[in-house]
Amino acid sequence: NMMSPSPPPPVPAPATAPCPALPAHTPSRPSPRQAQAAKLHVYKENTQQLECVRSEAVVVQMEDTPFASGGVCQAFRAWLIGADGKKGPMQVAKKYTFKDAKQGFAEDHLNSYEAAALAEPFNNLLRAHLPQYPTVKFLQCVRLLELKSEWYSLEEHLEGKWTKFNNIFGDVERQPWGEEETRFFDVSAAFSHFGFLHSDHQHTVLDIQGVGTSYTDPAIVSRQQLKYGYTDTGYNGLQSFFQKHVCSPVCKALRLRRVDGNVLPHPTGIKPKAPPTCPPCPPNPPSPDPKARRCSLPCGFTVEAAAPTDQAVDTEVTMTKENAVKHEYKNETWEATSIQVHVSPLPLALGSKRIVYDMMDFSAPKSKQHKVAKAAKQATREETFNEVIMQKKCQRLAKKFNEYDVPRKIAYNDLCVIELVDRPVDASGEHPVMIMEPKLKGDCKRYTDGLGCTVDEDRDIPEAFSHFSYEFTKGKVVVVNIQGAEDTYTDPQVHSNAPETCPPAWGQGDMGEAGIAKFFEHHRCNAVCRHMNLHRPPPACASPSPAD
């Protein structure tokens, strides 16, 4: 007799682990059971929340013996039987071997959703730069099968050769792959690289496995260990991946910024409490026992231990505050304010001239406290203050630019100087200083270089702004080195036509008339320049004398 539909079972918040890697399908086929009545609960796709959209009575036929077993689940071949008595396509039913199977399903659901969400922008990038390469797809965990008081996650069966491209620490066991499999590996490695950059350095997808570029059972690895469950190896997992990752041709074609695993910043001020530990696994681990707590070690075997707790893993904020003086440039004068800050001990990025750190500014509203601090490698204290003045002047030029009917409005980030007064003074008797600015949202890109040469061919606004800066100031300056996130810029460079008589605010990178001439040597007026009716200087006089 068929079972009538009933309300969906309650599914608690994620607390346990998604299934580990499943080995390749074995050729042997055990005999399937007789068809049995079951209940299928279908959850909403493309959302983090577990929302059951329907529960229905089904008939299922499943093999008696799993074709693959892991530390926390067993995988069975299964078929749904239609109303006409015929088998549907083969499915994979995963039986969770730990105590609360519905918690494991909830965690699988969350991990598969996050992976699928990252796949969409990655595929868009892949189609634009490498249309000959296959796009990636993640099976979403949205079906929960209830069969004789046992719970199974039900998903599509992937036909073809199963390959595990990396594990939860980014380790790869490369085999003698052919050209096609190498291409699949390059795509998977680039996807893990992309995920970290696209999430603003918060997490990525590891444990990538499947057939071709169709994947299942991913693990989201974040900067906060265990945030996404048992397979979230946290900062150590991210660092391990980037220490081993070698950018593939796909990474290079997509222009993915290199991440140095040796200087990967630890999450600012957040230290997850260590999960409960258990004794090291014995040489011959016991079979999984539903009554035993899962071992917290990566091996995934279970050992006899204390009963599990329902208390979620929480975090504690242990930020070390230090006193500082904030120097802001307003109305052509400097204003000083005492504040407290936290500067991450590990750098966020390393450049040729600066080291960038995560920073918290506790004087700002809570939603705006996250900043970045830039420490110059060689610049003097005066040059650091002058850099803020230079960006303020570029801010004013940007506002004038926006007054014209331009396609996109631009802005320069607000800068200030932070003097760290709790730190020892240097040889000149001064405390160390850094430049502080709000953290830009999105990926930072460089649109033009220090000579104004175009780096990103897809945007006309950056070069048009450089051209505008020259014409608006009547030939006094040209702003180059346009970079930032979308239309919010930072770290400009200015070339002036008389650096020896101008204020030193333009910095060491001011190449004077030669810099202005180089800009117009490379610049080709684009649609925005023509729209604004900007004029080019005579070739022999790229930098006229300053106007009165």
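Two strands count as paired if DSSP finds at least two bridges between them, and that rule underlies the first stop, where H203 stands opposite S222 in β13. Before you click further, note that this is a predicted model, in which local features need pLDDT of at least 70, side-chain atom pairs count only at pLDDT 80 or more, and totals for chains, interfaces and linings use all residues. Residues are numbered from 1 along each chain as its sequence is written, and side-chain values use heavy atoms, with hydrogens and water left out.

**Stop 1: strands β10 and β13**

Select residues 203-206, strand β10, together with residues 219-222, strand β13. Helices (H or I, at least four residues) and strands (E, at least two) are DSSP runs, numbered from the N terminus. β10 and β13 pair in the antiparallel sense over four bridges. Besides the H203 and S222 pair, look for T204, whose bridge partner in β13 is V221.

Now show the side chains. Are the two faces of β10 covered or not? Both are covered: H203 and V205 on one side, and T204 and L206 on the other, are all buried. Here buried means under 20% relative accessible area, exposed means over 50%, and partly exposed lies in between (1.4 Å probe, protein chains only). In β13, A219 and V221 point one way while I220 and S222 point the other way, and all are buried.

**Stop 2: helices α1 and α2**

Step back along the chain to helix α2, residues 179-198, and add helix α1, residues 101-129. The two helices pack at an angle of about 105°, with their axes 10 Å apart. That makes α1 roughly perpendicular to α2, a label used for angles of 65 to 115 degrees (under 35 is roughly parallel, over 145 roughly antiparallel, and the rest oblique). Axes are lines fitted to C-alpha atoms, for helices over the stretch in contact, and angles run from 0 to 180 degrees between N-to-C directions.

Which residues of α1 and α2 meet? From α1 come A115, L118, A119, P121, F122 and L125, and from α2 come V187, A190, F191, F194, G195 and H198. Contact means heavy atoms within 4.5 Å. By class, the contact of α1 with α2 has 10 nonpolar, two polar and no charged residues. Ala, Val, Leu, Ile, Met, Phe, Trp, Tyr, Cys and Pro count as nonpolar, Asp, Glu, Lys and Arg as charged, and the others, Gly among them, as polar.

Stay with α2 for a moment: 15 of its 20 residues are buried. Just after α2, D200 takes a positive phi of about 60°.

**Stop 3: S248, beside α2**

Select S248 in the loop between α3 (234-244) and α4 (249-253). S248 is buried, with a relative accessible area of 4%. Leaving aside its neighbours within four places in sequence, S248 is in contact with D186 and A190. You met A190 at the last stop, where it is part of the α2 side of the contact with α1.

**Stop 4: T320**

Next, pick T320 in the loop between β15 (315-317) and β16 (322-330). Is T320 buried or exposed? At 57% relative accessibility, T320 counts as exposed. Leaving aside its neighbours within four places in sequence, T320 is in contact with V341 and H342. Try a distance label too: T320 and S344 are 24 residues apart in sequence and 9.1 Å apart in space, C-alpha to C-alpha.

**Stop 5: helices α5 and α6**

Select helix α5, residues 381-402, and helix α6, residues 461-472, whose axes come within 10 Å and cross at roughly 100°. That makes α5 roughly perpendicular to α6. The contact is made by C394, L397, A398, K400 and F401 of α5 and by I461, A464, F465, F468, S469 and F472 of α6. These residues divide into nine nonpolar, one polar and one charged.

**Stop 6: an open sheet**

Finish with four strands that form an open sheet in the order β20-β26-β25-β23, with mixed pairing. β20 (411-412) and β23 (445-446) stand at the edges, each with a single partner strand, so one side of each is left without a neighbour in the sheet. Two bridges join β23 to strand β25, residues 483-485, and these strands run antiparallel. Which residue of β25 is the bridge partner of K445? That partner is G484.
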